[in-house]
Amino acid sequence: MPLLWLRVALIFYAVGVVHALFSLARKHEVLDRVLMLAILVGAVFHFVSLVELTILTGDLAPATVHHSESLLGFFVIVFFLAFWVKYRTASPGVFVFPLVFLLTLAASFGEQAPEFSSPLLRTSWIFVHVILIFLGYAALFLSFVASLLYLVQERRLKAKSPKLWRMPSLEVIDGIGYQSLLLGFPFMTLGLVAGAVVAQVEFGAVFFRDPKIVLSLLVWLVYLILLFTRWNAGWRGRRAAVLATLAFLAALGTWAANYLSVTHRFLGP
């Protein structure tokens, strides 16, 4: 049943992908009327799928790559909906909807057998670590999307080019990026702290030599610098957007390292 609900959610998310394509062609009047309802219904089915899967497997933390993809996609769409409620703009959906659709599509192919054999990965602390990290990635992806939109909108305004799709003002886009950063960075920080506490207790200082731990700490440092420049140096607009883009690309590299190698080296297979 979890896969059934996930595939139903996928159908509703497909409306978002179609909307993204039509938005680029400025032919989105009809889709605008049904878009948010479809995304909301898809998120509800997605949530049901995740809950049922957790009950069936008995694992709080994701036990497979497919489960991780589904969970990350759900968090991204939740943050998108939250920002839509506040700002009433679906412009970030041009990037958000295709990503969520692809993550859900990959997850809906079928659940694998549990891939993580370490008993430590079944503990509630690891659940907290994973959930917080995924929430951080989801919010920071929205910050990255807002940065891209800002750079596109700024260039379009300077060139006085015709509209490609409806976009909010630079001030609104910058606000979305900043609020996403304020949400994502604490989640990332708490997630790293939770993981570090468990690893320190179980393995000692050896976990600091794990390549993915080092990469995660470097990404955290980049985001800390980004926040510092916004708070103290007054960086906003283009400079903040460029730095946020570079920061997310670094985070994407860390995510790819986790995705390809599945688990931390010190945990074993």
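These are my notebook entries on a predicted model of a single chain.

**Entry 1: the overall fold**

I started by counting the secondary structure elements. The chain has eight helices and zero strands. Reading along the sequence, I got the pattern α-α-α-α-α-α-α-α. I then looked up burial, and 50% of the 269 residues in the chain count as buried. I also checked how far along the sequence the contacts reach. Taking contacts between residues at least 6 apart in sequence, I found that 81% join residues at least 24 apart.

**Entry 2: the nonpolar core**

Next I went to the largest nonpolar core, which has 59 residues. Which members touch the most other members? I noted Ile77, Val96 and Tyr223. I then asked which helices feed this core, and wrote down helix 1 (2-24), helix 2 (29-57), helix 3, helix 4, helix 5 (124-159), helix 6, helix 7 (211-231) and helix 8 (237-261), each supplying at least two residues. Helix 5 gives the largest share, 18 residues.

I picked Tyr223 for a closer look. Leaving aside neighbours within four places in sequence, I listed Leu140, Leu181, Phe185, Met188, Ala244, Ala247, Phe248 and Ala251 as its contacts.

**Entry 3: helix 3 against helix 4**

I looked at how helix 3 (residues 65-87) sits against helix 4 (residues 93-108). They pack at an angle of about 155°, and their axes are 8 Å apart. Angles over 145 degrees count as roughly antiparallel, so helix 3 is roughly antiparallel to helix 4. The crossing of helix 3 past helix 4 is left-handed.

Which residues make the contact? On helix 3 I have His66, Glu69, Ser70, Leu72, Gly73, Val76, Ile77 and Phe80. On helix 4 I have Gly93, Val96, Phe97, Val100, Leu103, Ala106 and Ala107. Sorted by class, that contact holds 10 nonpolar, four polar and one charged residues. Two names carry over from my core entry: Ile77 and Val96 are in this contact, and both were among the residues touching the most other core members.

**Entry 4: Ser70**

I stayed on helix 3 for Ser70, which has its place there. Is Ser70 buried or exposed? At 3% relative accessibility, I put it down as buried. Not counting residues up to four places away in sequence, Ser70 touches Leu6, His46, Leu50 and Ala107. Ala107 is also on the helix 4 side of the helix 3 contact.

**Entry 5: Arg88**

Then I moved to the loop between helix 3 and helix 4, where Arg88 sits. I stopped on its backbone. Most residues other than glycine have a negative phi. Arg88 is not a glycine, yet its phi is positive, about 55°. I checked its accessibility too, and at 54% Arg88 counts as exposed.

**Entry 6: Met167**

My next loop was the one between helix 5 and helix 6, where I found Met167. I had to ask whether Met167 is buried or exposed. At 15% relative accessibility, Met167 counts as buried, since the cut-off for buried is under 20%. Skipping neighbours within four places in sequence, its contacts are Ser91, Leu149, Gln153, Arg156 and Ile173. I also looked up Pro92: it is 75 residues from Met167 along the chain, but their C-alpha atoms are separated by 8.9 Å.

**Entry 7: pairs brought together from the last helices**

I began with Gly175 in helix 6 (residues 170-203). Gly175 is buried, with a relative accessible area of 17%. How many residues separate Gly175 from Arg236 in sequence? I read 61, while the C-alpha to C-alpha distance is 9.7 Å.

Ala196 is also in helix 6. At 25% relative accessibility, I logged Ala196 as partly exposed. Ala196 and His129 lie 67 residues apart in sequence and 8.9 Å apart in space, C-alpha to C-alpha.

I finished with Thr229, which has its place in helix 7. Its relative accessible area is 10%, so Thr229 is buried. I paired Thr229 with Leu243, 14 residues away along the chain, and their C-alpha atoms are separated by 9.6 Å.

Definitions and conventions: Residues numbered from 1 in each chain as written. Predicted model: local features only at pLDDT ≥ 70, side-chain atom pairs only at ≥ 80, totals over all residues. Heavy atoms only, no water. Axes fitted to C-alpha atoms, helices over the stretch in contact; angles between N-to-C directions. Helix = DSSP H or I, 4+ residues; strand = E, 2+ residues; numbered from the N terminus. Parallel < 35°, antiparallel > 145°, perpendicular 65-115°, else oblique. Left-handed = near helix turned anticlockwise from the far one by under 90°. Contact = heavy atoms within 4.5 Å. Nonpolar A, V, L, I, M, F, W, Y, C, P; charged D, E, K, R; others polar. Buried < 20%, exposed > 50% of the residue type's maximum accessible area, 1.4 Å probe, protein only. Core = buried A, V, L, I, M, F, W, Y, C linked by side-chain atoms within 4.5 Å.
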